[in-house]
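Reader: Please take me closely through the pairing of charged side chains in this model, residue by residue, and then set it in its surroundings. I would like each cut-off stated where its term comes up.

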Amino acid sequence: MLRTVWGDDDRYVRQYWSDIPHNYFAGDGARCDEDGYFWIMGRVDDVVNVSGHRLGTMEIESALVSHAAVAEAAVVGRPDDVTGEAVVLCDPRRRSRANDALKKALLSHVTKEIGALAKPKEIRFADALPKTRSGKIMRRLLKNIAAGQDITGDVSTLEDKSVIDKLMKSS
């Protein structure tokens, strides 16, 4: 358990103990199901700003994976001149099912589950998402791809580097 931030005890208290009085807050959201099990949902500070509205990527991803055709989803923002950030979804599903009809169905599903504001502006289908060997999605790479930027930074922990090329070609 983290006891302090090295050399700055006050920062430790401000960072982890001030959001919820007398409770440690690491920044992850969770829910408790009807059986009493806790489900870690993701970071609560991972948001996109669409037309002045802060939308949690976790909620949009949850809405998408609740659709029968979606196995896994990742939502990132990219700069957009009109809305501030456009929502972009990378949805790894069998390529044979990736078509315009599925895109329309997913857009409709997100609108029904959350509302029209959360509807992704762009959907990209892929065979896989860029993940580390431990299974964590490398969102900074998805943000680079969505924004049309070169991939920067360390990618040595990437499980399968061919995923990046495939996602860049699908844009």
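Author: In a salt bridge (a side-chain nitrogen of Lys or Arg within 4 Å of a carboxyl oxygen of Asp or Glu), the side chains of R78 and E122 meet with an N to O distance of 2.3 Å. R78 belongs to strand 5 (residues 74–80) and E122 to strand 7 (residues 122–126), so the pair ties together parts that are 44 residues apart in sequence; helices and strands are DSSP runs of H or I over at least four residues and of E over at least two, numbered from the N terminus.

The model is predicted, so local features need pLDDT of at least 70 and side-chain atom pairs count only at pLDDT 80 or more, whereas totals for chains, interfaces and linings use all residues. Residues are numbered from 1 along each chain as its sequence is written, and side-chain values use heavy atoms, with hydrogens and water left out.

R78 is buried, its relative accessible area being 17%, where buried means under 20%, exposed over 50% and partly exposed in between, with a 1.4 Å probe and protein chains only. E122 also forms a salt bridge with R124, whose closest N and O atoms lie 2.6 Å apart, and R124 is buried as well, with a relative accessible area of 6%. Side chains of opposite charge can pair when their charged atoms come close.

A search of the whole structure finds 7 salt bridges, and one of them joins R139 to E61, with 2.8 Å between the closest N and O atoms. Here R139 lies in helix 4 (residues 139–146) and E61 in helix 2, so that this pair ties together parts that are 78 residues apart in sequence. The partners fall into separate accessibility classes, for R139 counts as partly exposed at 22% relative accessibility, while E61 is buried, with a relative accessible area of 11%. Together with D46, E61 and R139 are linked in a network of salt bridges.

E61 and R139 are also, with M41, G42 and I137, the residues nearest the centre of the largest pocket, which is lined by 17 residues. A pocket is an open set of points on a 1 Å grid with protein on both sides within 12 Å along at least five of seven lines, where a 1.4 Å probe is used and lining residues have an atom within 4 Å of a point. Strand 2 and helix 2 (57–65) are the elements that give two or more residues to this lining, and helix 2 gives the most, with 5 residues. About 520 Å³ of space lies in the largest pocket.

As for the wider setting, the chain has 5 helices and 7 strands, which run α-β-β-β-β-α-β-β-α-β-α-α from the N terminus on, and buried residues make up 37% of its 171 residues. The C-alpha atoms fill a box of roughly 50 × 40 × 40 Å, taken along the principal axes.

Two loop residues deserve a careful look at their backbone. H22, in the loop between helix 1 (9–17) and strand 1, has a phi near 65°, a positive value in a residue other than glycine, and H22 is exposed, with a relative accessible area of 76%. S51, in the loop between strand 3 (47–50) and strand 4 (53–56), likewise has a positive phi, near 50°, but S51 is partly exposed, at a relative accessible area of 42%.

Key: Points joined across faces, edges and corners; volume = space filled by probe spheres on them.
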